[in-house]
Number of protein chains: 2
Amino acid sequence: MSLKLYDLAGAQPERRFSPYCWRIRMALAHKGLEAEVIPWRFSDKAVLAPSGQGKVPVLVHNNKWLSDSWVIANYLEEQFPGHPSLFAGAEGRALSYIYSTLGDFHSGQIVRLVLMDIYKHLADQDKEYFRQSREQRFGMTLEQVVQNRDTQLPVFRDSLFPLRAVLKTQPFFGGDEPLYADYALFGQFQWARCISDFELLAADDPIAHWRTRMLNAFDGLALSAPAY
Amino acid sequence: MSLKLYDLAGAQPERRFSPYCWRIRMALAHKGLEAEVIPWRFSDKAVLAPSGQGKVPVLVHNNKWLSDSWVIANYLEEQFPGHPSLFAGAEGRALSYIYSTLGDFHSGQIVRLVLMDIYKHLADQDKEYFRQSREQRFGMTLEQVVQNRDTQLPVFRDSLFPLRAVLKTQPFFGGDEPLYADYALFGQFQWARCISDFELLAADDPIAHWRTRMLNAFDGLALSAPAY
């Protein structure tokens with residue numbers, strides 16, 4: 001078995017800050033799989049060419065190249081059936097997918113809160129690409145995107161109501177133990193804490209308590225990463 | 001076996017418009033259970049006294065009184081294990097709960113779009129209670145709550161992004177077939193269509209197509225109810 005994961009890195013190679021890569025790093029740990037995790041930068045798009053696209057995570061397994069976190073999670077589940085399940089069956093898999101799409105949704109909110117912090121941590125060769133592509137996406141400068149983040153924060157926190165309500169009655173979204181549902185959401189919070197000291201959650205938020213449980217999972221895999 | 005369900009009704013006894021009652025009516029059908037469904041109005045709070053609270057749905061099973069749609073769904077799952085499962089196992093149950101809390105979240109948005117339509121369908125004896133309690137909750141008149149609904153509609157539709165994304169790759173939130181996850185969300189859309197001609201969804205929205213599939217489930221249980 002040979003597993004390689006291309007993982008977004010900043011100017012410091014050990015600073016890893018892709019929400020989607022964190023989903024897969026946690027999923028690999030859940031399944032007890034070791035992978036060679038390779039730092040990758042936006043300017044290394046050519047390296048990913050065999051995957052047919054230019055974004056991480058990219059997983060390489062026995063010369064098979066896969067992209068997209070949901071596709072990779074499903075591949076790991078199918079290829080390693082004797083390992084702990086990420087989904088708990090076909091229905092569990094279907095029910096889990098909302099956590100991936102909710103994670104995507106909240107990514108779209110969080111990026112507006114931490115965009116300048118991402119920029120500050122980028123390798124020099126990535127900065128121009130990042131500024132240009134993101135300013136085009138948002139239709140304004142990076143600085144303008146985040147200038148109202150203090151007023152956007154309560155809106156973001158309110159939108160977490162459905163997640164917060166779940167965690168009032170169970171420790172993980174997967175129930176008594178974390179499942180891929182948890183990793184799909186946790187990626188966003190880990191991404192933010194790896195590149196920003198802006199506090200997304202109030203200290204007494206049940207989601208903050210869940211985040212702490214996730215940070216401690218797998219012998220502190222996420223906790224030990226360079227972060228704020 | 002004796003099952004009774006108290007179900008919110010309007011001036012017309014056959015007009016049923018509680019999102020939470022619809023969750024349970026669909027769940028009962030999923031499990032192949034027959035219940036006596038009893039029309040109930042806000043002014044009938046005393047009838048529910050044995051449940052220890054004053055809101056529907058209330059299920060009565062062999063003299064046991066239960067309230068809260070999530071509690072009732074769990075009770076049905078435990079009491080009728082030989083019937084089709086609403087959750088697909090313990091992990092499926094944990095993963096399903098987000099659909100109940102997402103449904104609650106979207107209820108809070110939909111009520112601001114259809115509040116006057118609810119009011120118009122109430123039995124006379126319920127109107128004063130409804131106006132007073134809701135105007136206190138919203139801090140404005142019923143008429144004021146809905147006056148901006150055309151500008152609120154796109155915000156509501158945007159917030160459905162995670163649900164829409166799931167339905168792009170699977171026909172039901174439970175996967176190939178509906179599960180309680182589907183009923184927990186469908187309750188909101190059925191509630192709205194039972195009392196309002198205001199169209200919540202664009203015709204080409206994948207959620208609208210899913211709603212049609214849900215309307216047709218169980219020989220058109222939801223489709224055959226008085227609605228718009």
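This passage describes the pairing of two chains in a predicted model, followed by selected features of their backbone and helices.

The relation between the two chains is considered first. Superposition places chain B on chain A with an RMSD of 0.0 Å, through a turn of 180° and a shift of 0.0 Å along the axis. The two copies are therefore related as by a two-fold rotation axis. Within chain B, the C-alpha atom nearest this axis belongs to Gly92(B), at 2.6 Å from it. Both copies use the same surface for the contact, since 100% of the contact residues of chain B recur in chain A.

The interface was then examined in terms of residues and area. Chain B contributes 28 residues to the contact, and chain A contributes 28 residues. Between them the two chains bury about 2100 Å², and 77% of this area lies on carbon and sulfur atoms. On the side of chain B, 28% of the area buried against chain A is supplied by Leu95(B), Ile98(B) and Pro162(B), more than by any other three residues. Zero salt bridges were found by the rule across the interface of chain B and chain A.

Helix H8 of chain B comprises 16 residues, from 180 to 195. At 1.5 Å a residue, this helix should span 22 Å, and its end C-alpha atoms are 23 Å apart, which agrees with the expectation. H8(B) nevertheless bends by about 35° at Phe186(B). Burial was assessed for the helix as a whole: 16 of the 16 residues of H8(B) are buried, so the helix is largely enclosed by the rest of the structure.

A buried position in another helix was examined in chain A. Leu28(A) lies in helix H1, which covers residues 19–30 of that chain. Its relative accessibility is 4%, and because buried means under 20%, Leu28(A) counts as buried. Beyond residues up to four places away in sequence, Leu28(A) touches Leu3(A), Leu5(A), Leu33(A), Ala35(A) and Leu76(A). Leu28(A) and Glu77(A) are 49 residues apart in sequence, with a C-alpha to C-alpha separation of 9.9 Å in space.

Several backbone features were also noted in loops. Most residues other than glycine have a negative phi, and most peptide bonds are trans. Against this background, the peptide bond from Val56(A) to Pro57(A) is cis, with omega near 5°. Pro57(A) is located in the loop that connects strand S2 (36–40) with strand S3 (58–61) of chain A. In chain B, a cis peptide bond joins Val56(B) and Pro57(B), with omega about 5°. Pro57(B) lies in the loop between strand S2 (36–40) and strand S3 (58–61) of chain B.

Positive phi values were found in the loop that follows S3 in each chain. In chain A, the residue concerned is Asn62(A), a residue other than glycine with phi near 45°. Asn62(A) belongs to the loop between S3 and strand S4 (64–67) of chain A. In chain B, Asn63(B) has a positive phi, near 70°, and this residue is found in the loop between S3 and strand S4 (64–67) of chain B. The relative accessibility of Asn63(B) is 72%; since exposed means over 50%, Asn63(B) counts as exposed.

Methods:
Residues numbered from 1 in each chain as written. Chains lettered and ligands numbered in written order. Predicted model: local features only at pLDDT ≥ 70, side-chain atom pairs only at ≥ 80, totals over all residues. Heavy atoms only, no water. Helix = DSSP H or I, 4+ residues; strand = E, 2+ residues; numbered from the N terminus. Expected span 1.5 Å × (residues − 1). Bend = angle between axes of the 7 residues up to and from the residue. Buried < 20%, exposed > 50% of the residue type's maximum accessible area, 1.4 Å probe, protein only. Least-squares fit on C-alpha atoms with pLDDT ≥ 70 in both. Contact = heavy atoms within 4.5 Å. Buried area = accessible area lost by both parts, 1.4 Å probe. Salt bridge = Lys/Arg side-chain N within 4 Å of Asp/Glu carboxyl O.
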